[in-house]
Amino acid sequence: MPRDSYELRLSRLWSDVLRRDGVGMKEDFFALGGDRATAEALVAAISARFDTPLSMEAFLEAPTIEHAGCLLRARSRKLNEQPLIPLQPNGSKRPFFFLPGGEGAPLNAYALARWMGPDQPLYGLQTRGLHGERPPFERIEDMAADHLATLRTVQPRGPYLLGGHCSGGMVALEMALQLQRNGEQVAVLAVFDAWSPANLSLRLPNETFLDDLVEFYSIVAAGFRYWFDVDVGLKSDEMRALDPRQRITHFMALARKHGAYPPDEPDARIEHILALYRAASDSGYVPAERFRGTITFLRAIDSKFCETVTEGWEDLTTQPLRLRMVQGNHVSLLTEPHVQEVANELRAAIAEARVS
């Protein structure tokens, strides 16, 4: 799947020119059926779309999405700082807005967007602090307000369709509450295998991965197995033998080598992710009121993240909780093959909401 906004946009251009879907980031353009004429059309499209001249000679050095992304990022990385990620911008239906978990990357919903169908727009809302120099928000309320400002550039008025994975569930809830206070309707609020803020104070004291950073790196690396189908070969005993800066360098070198990150991804990436996790866990978020609509809780059957069936989400709504058990674990529920079931359940929730 695309690993940043550059690769996401490039993959769409590749698909349009080659008239095929599901192009890999490292797949050779010509091995996929491209020829000189289509290559020239692609280079022209890239130059126009990114407003950046790209020569055929540079493209031919390695005619892959990965290489083209590196060429574009060498000139500017500003695109990655944009908070709105159009995972699937096409279609006439009301858009669904997705909030990522602690890693801050909405591209993790790329497979979900594809399974939702070509007529269901799906936008990811990227967490501030993942890219660029701006620090993450310290309060969930501020994060939610910022996301709402971004959301309104696509859809100024409700009803809204919102959802979030992991800590993104809390952010989606707070967005729904702020919209509720402003008289707006949230027709769908879906949380994907997420802790409820009602139980957050009971969960966090027992978590050690934000203090033991070797455990933190191991958790992120474990996620790569599902997001990118790679094992980066991270060994905890080797990490513990390194000093803190060496751990960062070693982790990022492995992640780049195995394709979990682009080859030019800065070492600071993992530090930014750690800051996002800490911001969410230290926020002390307590919802100011209950949501007056239905909450759909998609709980992964094999989740080790969630300890109870409902995780307390029923305490945050005035309506009966819409609980759906789905295949997979905390991460794999949003990846193949389990994501198809999640998409089916989300489409059903939207259909039941009866919004046009």
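Which residues of α12 are buried? In this predicted model, the buried set consists of Arg269, Ile270, Ile273, Leu274, Leu276, Tyr277, Ala279, Ala280 and Ser281. These buried residues pack against three helices, namely α7 (168-181), α9 (213-227) and α11 (244-257). Helix α12 itself covers residues 268-281. Its 14 residues, counted at 1.5 Å each, should span 20 Å, and because the end C-alpha atoms lie 20 Å apart, the expected and modelled lengths agree.

Stepping back to the whole chain, the protein contains 13 helices and seven strands. Its C-alpha atoms occupy a box of roughly 60 × 55 × 35 Å along the principal axes. A compact globule of 356 residues would have a radius of gyration near 21 Å, so the value of 20 Å found for the protein agrees with that expectation.

The interior and the contacts can be described next. Buried positions make up 55% of the 356 residues. Among contacts with a separation of 6 or more, 73% join residues that stand 24 or more positions apart in the protein.

As for the surface, about 15,400 Å² of the protein is exposed, and carbon and sulfur atoms contribute 50% of that area. The charged side chains number 39 positive and 47 negative. A distance of 4 Å separates the centre of the positive set from the centre of the negative set.

Notes:
Residues numbered from 1 in each chain as written. Predicted model: local features only at pLDDT ≥ 70, side-chain atom pairs only at ≥ 80, totals over all residues. Heavy atoms only, no water. Helix = DSSP H or I, 4+ residues; strand = E, 2+ residues; numbered from the N terminus. Rg over C-alpha atoms; globule rule 2.2 N^0.38 Å. Buried < 20%, exposed > 50% of the residue type's maximum accessible area, 1.4 Å probe, protein only. Contact = heavy atoms within 4.5 Å. Areas by Shrake-Rupley, 256 points an atom, 1.4 Å probe, with all protein chains shown as cover. Lys, Arg positive; Asp, Glu negative; His and termini not counted. Charge placed at Lys NZ, Arg CZ, Asp CG, Glu CD. Expected span 1.5 Å × (residues − 1).
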